Amino acid sequence: MRGWTQTVTARGAGIGLLALVMLIPLAQVRGLVAEREQMRDQAAAQVAQGWGGRQVLGGLVLAVPLRIPAEPDSSGLPRWRGGTEIVLPDEAQIDSTLRVDVRQYGIYRVPAFASTVKLAGRFTAQDLAQFRREAGGTWQGQQAELQLPLGDLRGLQGVDELKINGLPARFRSSARHLGGLASVVIPLDLDALGDQPITFSMTLHLAGTGSMAWLPLARTTDVHVKAPWPDPSFTGAALPMERAVGADGFDAHWRVLDLNRSFGQHWREGDGSVESALRDAAFGVQLYQPVDVYQRNLRAGKYGVLFIGATFLAFFLVEVLRRLRVHSVQYLMVGAALATFYVVLLALSEQIAFAAAYAVAALSVVGIVGGYAAAVLRARRAGLILGAALALVYAILYGLIAAEQYALLIGSFVLLAAVALTMYLTRRIDWYAATPAIMERS
């Protein structure tokens, strides 16, 4: 048993075990990246607290209290219960212009925007009459309200030119919610209007951070938005019908029909299925920041154990092929240097461009490991070869990080080439030898 532990096979297995041990510091690095990302999110929340968070705009809906018949009491007298009918307009046009400013909070940058939104639409008289008949109760038209749901009321900076049927009106604060969104309301006497349609128009001034989204709260919802932001990410339940993205910004247009939604033109307030469907129906644009250092650091860390293993393998091959002995502690020292690369990369990439941070961190580790290898292996040439191999490894890693769409394809071919090269270099190693040895050519 003692003899087997001294074989090349046993040493190779031990070095593989050491590579797995390096998963512990790599896991700590991933935790550090997650912690720093959480701090970035907290910085965004601090900016949103005073400016406005992620905005969602729904457009005006009609909320009408209901008097609904219930089961008679024990004496046979009729009873009634309350409810609210939510009615959507026939059409809504939303035209938004975003002015974007990147706010600095400590070392973190948060895209904030101020938006001028022109909102107009109408409820048809036919819809109002039909939904009144289908309500299952008596409309209390004198207590009706027009309701405007918003993602973050802190970002509502002003309302101009608010008109209902051509007459000036004003919003009031309210405790009402729609789809989880707080609302402001306009009191409306439906009975006084009679059989008339309801038209509305206004200009809103909204502030927010990160993203702007809309809810398709009309039979036909038209949304047009433009902003001087070159990297928009269109998200949600609908993508733009038309869009133009350039270095000076983007311009996008959506049209969403009631046929594209999973809820109708009217429903009873408190219907859980509709509330859930409302949240899922949102669509909009996120002010994407393409250089997300934390995402890139996480991607780099995913390949950590692979490249630590590759470096250990290179040391092992030099040890075997040159008939040298490298102590396990020396392997751990090399592994510690390789794990430190990810900490240095994270710290630098928060301060300077990711490519520059990567170059500084990689060159530092290559220099340290190459010099250490030259001293341990007592051969400057071997140190230079290992340093060059490590530099190549880091160049490949950077290519994998940058190639988002083709990372798996590139990585698979690199791995195949590494396995083939290892098989070629180890084809004559005597794995049963008690000391590193090369089998003679037969």
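In this predicted model, strands S14 (residues 220–227) and S17 (residues 249–257) run antiparallel to each other and are held in register by eight bridges. One of the residue pairs along this ladder is easy to pick out: Lys226 has Asp251 of S17 as its bridge partner. S17 also pairs with strand S16 (residues 242–246), again in the antiparallel sense, here over five bridges. In that pairing Val245 is found opposite Phe250 of S17. The connection from S16 to S17 is a hairpin, with two residues joining the strands.

These strands belong to a wider assembly. Eight strands make up an open sheet of mixed pairing, and reading across it gives the order S9-S8-S12-S5-S4-S14-S17-S16. The edges are taken by S9 (167–168) and S16; each has a single partner strand, so one side of each lacks a neighbour in the sheet. Elsewhere in this order, S8 (residues 156–164) and S12 (residues 198–209) pair in the antiparallel sense through six bridges. Within that pairing, Ile164 is matched with Phe200 of S12. As a general point for anyone following these strands on screen, side chains in a regular strand alternate between the two faces of the sheet.

Taken as a whole, the protein contains 12 helices and 19 strands. Of its 442 residues, 44% are buried. Contacts across the sequence are well represented: among those between residues at least 6 apart, 77% join residues at least 24 apart. The accessible surface amounts to about 22,300 Å², and carbon and sulfur atoms account for 58% of that area.

Salt bridges offer a handy way to trace how separate stretches of the chain meet. The search of the whole structure returns 10 of them. One joins the side chains of Arg268 and Glu85, with an N to O distance of 3.6 Å. Arg268 sits in strand S18 (residues 266–268) and Glu85 in strand S3 (residues 79–87), so this pair ties together parts that lie 183 residues apart in sequence. The two partners differ in their exposure: Arg268 counts as partly exposed because its relative accessibility is 28%, whereas Glu85 counts as buried at 3%.

Arg176 takes part in two of the salt bridges described here, one with Glu145 and one with Glu269. In the pair with Glu145, the closest N and O atoms are 2.8 Å apart. Arg176 belongs to strand S10 (residues 172–178) and Glu145 to strand S7 (residues 144–150), so the contact connects parts separated by 31 residues in sequence. Glu145 is buried, with a relative accessible area of 19%, a value under the 20% cut-off. In the pair with Glu269, the N to O distance is 3.1 Å. This second link also spans distant parts of the chain, since Glu269 is in the loop between S18 and helix H6 (272–280) and Arg176 is in S10, 93 residues apart. Glu269 counts as partly exposed, with a relative accessibility of 31%. Beyond such individual pairs, a network of salt bridges links Asp90, Glu91, Arg122, Asp127, Arg219 and Asp258.

A polar contact of another kind is seen at Ser211, a residue of strand S13 (residues 211–214). Its relative accessibility of 12% places Ser211 among the buried residues. The side chain of Ser211 makes a polar contact with that of Arg54, at 3.3 Å. Leaving aside residues up to four places away in sequence, Ser211 touches Arg54, Gln55, Phe113, Val285 and Gln286.

On the surface, a nonpolar patch is formed by Leu17, Leu20, Val21, Leu23, Ile24 and Leu332, which together have about 520 Å² of accessible area. Helices H2 (8–21) and H3 (23–51) are the elements that supply two or more residues to the patch. H2 gives the most, with three residues, and Leu20 is located in this helix.

Technical notes
Residues are numbered from 1 along each chain as its sequence is written. This is a predicted model: local features need pLDDT of at least 70, side-chain atom pairs count only at pLDDT 80 or more; totals for chains, interfaces and linings use all residues. Side-chain values use heavy atoms; hydrogens and water are left out. Two strands pair if DSSP finds at least two bridges between them. Helices (H or I, at least four residues) and strands (E, at least two) are DSSP runs, numbered from the N terminus. Buried means under 20% relative accessible area, exposed over 50%, partly exposed in between (1.4 Å probe, protein chains only). Contact means heavy atoms within 4.5 Å. Accessible areas come from the Shrake-Rupley method with a 1.4 Å probe; for residues, only the protein chains shown count as cover. A polar contact is a pair of N or O atoms within 3.5 Å; within protein, one must be able to donate a hydrogen and the other to accept it, and residues adjacent in sequence count only if both atoms are side-chain atoms. Patches are made of residues with over 30% relative accessible area and no salt bridge: like charges are joined within 9 Å, nonpolar side chains (Val, Leu, Ile, Met, Phe, Trp, Tyr) within 5 Å. A salt bridge is a side-chain nitrogen of Lys or Arg within 4 Å of a carboxyl oxygen of Asp or Glu.
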